[in-house]
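Grab your viewer and work through these exercises with the model open. Try each task yourself before you read the solution under it.

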Amino acid sequence: MKKRILSGMRPTGRLHIGNLVGALENWVQLQDFYNNYHLIADWHVLTTAPESAREITTNTREMVADWLSAGLDPVKSPMFRQSRVSAHAELHLIFSMFVTLNRLLRNPTVKEQARDLGIEDLMSYGHIGYPVLQAADILLYKGDVVPVGEDQMPHIEVAREIARRFNNLYGEVFPEPEGMLTKYARLPGLDGKRMAKSLNNAILMTDPPEEVAAKLKTAFTDPQKLRRGDPGHPEMCLVFTYHQKFNQSETEQVSNDCRSGALGCVQCKKRCADCLNLYLAPLRERRAQITDSVIDDVLTDGERRACEEAAKTMAQVRAAMGI
Ligand code: TRP
Ligand code: SF4
């Protein structure tokens, strides 16, 4: 029997090419070897931004369109909103009894989020419980494997502890989920920092070709290479990182020509934009076919299947607990 993957994202709008190479491509590859469930963590958005509730629906639809354009197949990989499967709330409540407040307050990812937002002393009960809700997300579908970035590992650890605690108390119901670190290192943003929409350094999956080229023109390069003819250091250059991903066949050539000075940055960036656009072309083509009704159908079907699985697990939970 195939193992089950549970993965998810918070719907915060259109995705960038870092999400594509860091997560989505991995999901697409895994969908043939695992049973995949893809969760849209819309309640999780409320943990840090309750005032943005009204944007969640639009952002969810944009995100689903990006998922589909990346090649996720809704038949193999049901996609569903957490808020449409109320068992997430039920299991979250039960799980909240199995983890101490101190344990949750030690979570480095939650702490960092609070620090970034400047709300360390103002954290809501729900925000501190972020990993408990995530544990419910994973275990409601008996996820064996959770493909995530490094920052999510503390949450997976909480889910494992909760599963173990439940099983010890009431009998074996849940697998202990394993985090699977995404292979491809994070693609940096145009300024070399972590790529994030909020930092204004991201290329979006939906950016049109001219926009991709215009953004790449602003990318940071080797600061010692000021003009064509100057020898450059591709290993210090962001554009070269993109060549390594999107222009694999010419990587060596680019590296040599950068070093020798034969290649100038303007030309190099233009070539990089062309390659990235070529890479994104099939995604754009798929995206053009995705109408509102396609998204509605994907969610309706995904949510029906998710509710069915969730109901099975909840029946086992109630039977194990005897309540
Ligand atoms: N915390 C995840 C993130 O910020 C999103 C998420 C919510 C998730 N529930 C999940 C990821 C369950 C994997 C499994 O990216
Ligand atoms: Fe970077 Fe290309 Fe310029 Fe070399 S030539 S520094 S790889 S942009």
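## Exercise 1: the ligand shell

Helix α8 gives the largest share of the shell around ligand 1, with four residues. One thing to keep in mind throughout: this is a predicted model.

**Task.** Find which elements give two or more residues to the shell around ligand 1, and work out which polar side-chain atoms sit by nitrogen atoms of the ligand.

**Solution.**

Step 1. List the neighbours. Ligand 1 is surrounded by Leu-6, Gly-8, Arg-10, Leu-39, Ala-41, His-44, Tyr-130, Gln-134, Asp-137, Ile-138, Val-146 and Gln-152.

Step 2. Sort them by class. You should end up with six nonpolar, four polar and two charged residues.

Step 3. Check the nitrogen atoms of the ligand. An N or O atom in the side chain of Asp-137 is 2.7 Å from a ligand nitrogen. For Gln-152, a polar side-chain atom lies 2.8 Å from a nitrogen of ligand 1. With Gln-134, the distance from a side-chain N or O atom to a ligand nitrogen is 2.9 Å.

Step 4. Look at the cover. On its own, ligand 1 exposes 370 Å², and the protein buries 91% of that.

Step 5. Assign the shell to elements. Two or more residues come from each of β1 (4–9) and α8 (130–139).

## Exercise 2: the surroundings of α8

**Task.** Decide how many of the residues of α8 are buried.

**Solution.**

Step 1. Apply the cut-off: buried means under 20% relative accessible area.

Step 2. Go along the helix. Tyr-130, Pro-131, Val-132, Leu-133 and Gln-134 are among the buried residues of α8, and Ala-135, Ala-136, Asp-137, Ile-138 and Leu-139 are buried as well.

Step 3. Draw the conclusion. With 10 of the 10 residues buried, α8 is largely enclosed by the rest of the structure.

## Exercise 3: three salt bridges

**Task.** The structure holds 24 salt bridges. Take Glu-25 with Lys-245, Arg-186 with Asp-151, and Arg-305 with Asp-301, and say where each pair lies in the chain.

**Solution.**

Step 1. Start with Glu-25 and Lys-245, whose closest N and O atoms are 3.1 Å apart. Glu-25 is in helix α1 (residues 17–30) and Lys-245 in helix α11 (residues 238–246), so this bridge ties together parts that are 220 residues apart in sequence. Glu-25 counts as partly exposed at 22% relative accessibility, whereas Lys-245 is buried at 13%.

Step 2. Move on to Arg-186 and Asp-151, with 3.7 Å between the closest N and O atoms. Here the link runs between loops: Arg-186 is in the one between β5 (178–181) and α10 (209–217), and Asp-151 is in the one between β4 (145–148) and α9 (153–170), 35 residues apart. Arg-186 is exposed, with a relative accessible area of 63%; Asp-151 is partly exposed at 35%.

Step 3. Finish with Arg-305 and Asp-301, which meet at 3.1 Å, N to O. Both are in helix α14 (residues 292–321), four residues apart, or about one turn of the helix. An α-helix has 3.6 residues a turn, so residues three or four places apart point the same way. Arg-305 is partly exposed at 22% relative accessibility, and Asp-301 is partly exposed too, at 28%.

Step 4. For a bonus, trace a network: salt bridges link Arg-14, Glu-62, Asp-66 and Arg-287.

## Exercise 4: aromatic pairs

**Task.** Are the rings of Trp-27 and Trp-67 stacked or edge-to-face?

**Solution.**

Step 1. Recall the cut-offs: planes under 30 degrees apart count as stacked, over 60 as edge-to-face. The count for the structure comes to 12 aromatic pairs.

Step 2. Check the geometry. The ring centres of Trp-27 and Trp-67 are 5.2 Å apart and the planes are at 75 degrees, so the pair is edge-to-face.

Step 3. Place the rings. Trp-27 is in helix α1 and Trp-67 in helix α3 (residues 56–69), 40 residues apart, and the pair links distant parts of the chain. Trp-27 is buried at 4% relative accessible area, and Trp-67 is buried at 0%.

Step 4. Try another pair. Phe-166 and Phe-174 are edge-to-face, with 5.0 Å centre to centre and 70 degrees between the planes, and both are buried.

Step 5. Widen the view. Ring pairs join Phe-95, Phe-98, Phe-166, Tyr-170 and Phe-174 into a cluster.

How values were computed. Residues numbered from 1 in each chain as written. Chains lettered and ligands numbered in written order. Predicted model: local features only at pLDDT ≥ 70, side-chain atom pairs only at ≥ 80, totals over all residues. Heavy atoms only, no water. Near = heavy atom within 4 Å. Polar contact = N/O pair within 3.5 Å; in protein donor to acceptor, adjacent residues only side chain to side chain. Areas by Shrake-Rupley, 256 points an atom, 1.4 Å probe, with all protein chains shown as cover. Nonpolar A, V, L, I, M, F, W, Y, C, P; charged D, E, K, R; others polar. Salt bridge = Lys/Arg side-chain N within 4 Å of Asp/Glu carboxyl O. Buried < 20%, exposed > 50% of the residue type's maximum accessible area, 1.4 Å probe, protein only. Phe/Tyr/Trp six-rings, centres within 6.5 Å; stacked < 30°, edge-to-face > 60°.
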